[in-house]
Amino acid sequence: MIIIMEPSATQEQINTVMRALENKGFKTVLNHGDVMTVIAAIGDKRLIEPHSFQSYEGVRAVKIVQEPYKLASREGKQEDTVIEFSNGVKIGGKEKPVMIVGPCSVEQDIEGLLRVADAAKEMGCQFLRGGAFKPRTSPYDFQGLEEKALEYLAIAREKTGLLVVTELMDTLDLDLVCSYADVIQIGARNMQNFKLLKAVGKCNKPVILKRGPAATIREFLLAAEHIMYNGNDNVILCERGIKGVDNTATRNTLDIAAIPVIKKYSHLPLIVDPSHGTGRRYLIEPMAKAGLIVGANGVMLEVHHDPENASSDGAQSLNIPMFKKVMKDLNKLIGRIDYDNKHSDNNDFCCINV
Ligand code: PEP
Ligand code: MN
């Protein structure tokens, strides 16, 4: 249930409504938007008569949220969420799309990582990604350098000023990963690891939540809801491909249509990952562009200094010259993107004038 307050409602009136809801066992979340103040009330609506709240002073309207995800839903918060980092980088809404690039795994050779980080910086990227704890299909494959990798990422951040994104696989590593990362990644395989979602919900770092390989959009947004319900509103969704009918031509099926669909139903920032989404180097550039054109707030790309010898995901990783070439093109496109006229109710998600 959502309670929309009058623009003139006083803090006391807002508090009275929130207290009344909380006394009925509801959890309340206050959202002071630019246009209006909204109270999201989450709980068992059989315990109250929602429309009785209409009579409270300062209340403009009471709305029952139809979507099962409340906090992630645009019904509850119309304005896009924009996440701002300490260095001023912003992601979401009408902000310029961001680039998150780096190797699949951080490897022994720190020089390789630093070369990728330097190239990322040179091309105007904002984030360096790299796996320290790797979720591998086979136990015989490289599992990640763990804390050593986190140290390497911190060195690369020191050198370049890029923000660090790395995956968390286990609640036991939460404090360690948080002590190094600027953004915690929850990988596709863990999208419904509810204990992990709860744990990152209680931490104070933004979270990139990747869509599970077989997850519906509803399940994806409900996974984000778990993080938000536990206290962390800074969730960045990531479309990274789902299981399709053909896993020979491409590794996954990048669900481009999911981008405008998710933008319609949720206010959260959303990025696209064409590297895992396709598994093929030659598809990275066109699919990154497609994602941006339909409204993605950023792109995640795998880049390796020597993809042929990478410990993981070499086939989908760009080498440094390829990456620079792709970035030149993406930067041109990003320069043409205009989110100003885009909103969820006119179904116009093409972000460049074509
Ligand atoms: C990754 O980002 O390297 C990764 C393992 O991604 P995903 O969880 O999308 O497979
Ligand atoms: Mn990878």
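# Reading a predicted model: sheet, metal site and salt bridges

User: This is a predicted model, I gather. What strand order does the open sheet of four strands have, and is the pairing parallel or antiparallel?

Analyst: Yes, it's predicted. The general idea goes like this: strands of a sheet pair through backbone hydrogen bonds, either parallel or antiparallel. Here the four strands of an open sheet run in the order β2-β3-β1-β4, and the pairing is antiparallel. At the edges sit β2 (27-32) and β4 (59-63), each of which pairs on one side only. On average, neighbouring strands of this sheet are turned by 20° against each other, direction ignored.

User: What packs on that sheet?

Analyst: Helix α1 (residues 11-23) does, and it touches β1, β2, β3 and β4. The direction of α1 makes about 155° with that of β2.

User: Let's zoom in on β1. How many bridges does β1 form with β3, and how many with β4?

Analyst: With β3 (residues 37-42), strand β1 (residues 2-5) pairs in the antiparallel sense over three bridges. With β4, β1 pairs over four bridges, again in the antiparallel sense. To see this in the viewer, look at two residues: Ile-2 stands opposite Ala-40 in β3, while Ile-3 has Val-62 as its bridge partner in β4.

User: Are the side chains of β1 buried or exposed?

Analyst: Buried, on both faces. Ile-2 and Ile-4 cover one side, Ile-3 and Met-5 the other, and all of these are buried.

User: Where do the domains start and end along the chain?

Analyst: The domain assignment gives domain 1 as 2-63 and domain 2 as 83-341. Taken over C-alpha atoms, the centres of the two domains are 36 Å apart.

User: Now the metal. Which protein donors does the manganese ion (ligand 2) have?

Analyst: For a metal site, list the donor atoms, then ask where they come from in the chain. The donors of ligand 2 are Cys-104 (SG), His-276 (NE2), Glu-302 (OE) and Asp-313 (OD), at 2.1 to 2.4 Å from the manganese ion. Along the chain, they follow the spacing C-x171-H-x25-E-x10-D. One pair links distant parts of the chain: His-276 sits in helix α8 (residues 274-278) and Glu-302 in strand β14 (residues 298-302), 26 residues apart. Both His-276 and Glu-302 are buried.

User: How do I read a salt bridge, and how many are there?

Analyst: Side chains of opposite charge can pair when their charged atoms come close. The cut-off used is a Lys or Arg side-chain nitrogen within 4 Å of an Asp or Glu carboxyl oxygen, and the count comes to 15 salt bridges. Take Arg-74 and Asp-80, whose side chains meet at 2.6 Å, N to O. Arg-74 is buried, at 11% relative accessible area, whereas Asp-80 is partly exposed at 29%.

User: Which helices does the salt bridge between Asp-118 and Lys-159 link?

Analyst: Asp-118 lies in helix α2 (residues 110-122) and Lys-159 in helix α3 (residues 147-160), 41 residues apart, so this pair links distant parts of the chain. Their closest N and O atoms are 2.8 Å apart. Asp-118 is partly exposed, with 35% relative accessible area, and Lys-159 is partly exposed too, with 49%.

User: And how far apart in helix α9 are Lys-289 and Glu-285?

Analyst: They are four residues apart in helix α9 (residues 284-293), which means about one helical turn separates them. This pair forms a salt bridge whose closest N and O atoms are 2.9 Å apart. Lys-289 is partly exposed at 24%, and Glu-285 is buried at 18%. Elsewhere, salt bridges that share partners join Arg-211, Glu-239 and Asp-255 into one network.

User: One last residue: where is Leu-163 found, and which residues does Leu-163 touch?

Analyst: For a single residue, check its element, its burial and its contacts. Leu-163 is in strand β9 (residues 163-167) and counts as buried, because its relative accessible area is 5%. Leaving out residues up to four places away in sequence, Leu-163 touches Phe-85, Asn-87, Val-89, Gln-126, Phe-127, Leu-128 and Asp-182. The C-alpha atom of Leu-163 is 7.8 Å from that of Val-183, though 20 residues separate the two along the chain.

Notes:
Residues numbered from 1 in each chain as written. Chains lettered and ligands numbered in written order. Predicted model: local features only at pLDDT ≥ 70, side-chain atom pairs only at ≥ 80, totals over all residues. Heavy atoms only, no water. Pairing = 2+ DSSP bridges. Axes fitted to C-alpha atoms, helices over the stretch in contact; angles between N-to-C directions. Contact = heavy atoms within 4.5 Å. Donors = N, O, S within 2.8 Å, 3.2 Å for Na, K, Ca; no water. Buried < 20%, exposed > 50% of the residue type's maximum accessible area, 1.4 Å probe, protein only. Domains from an automatic or database assignment.
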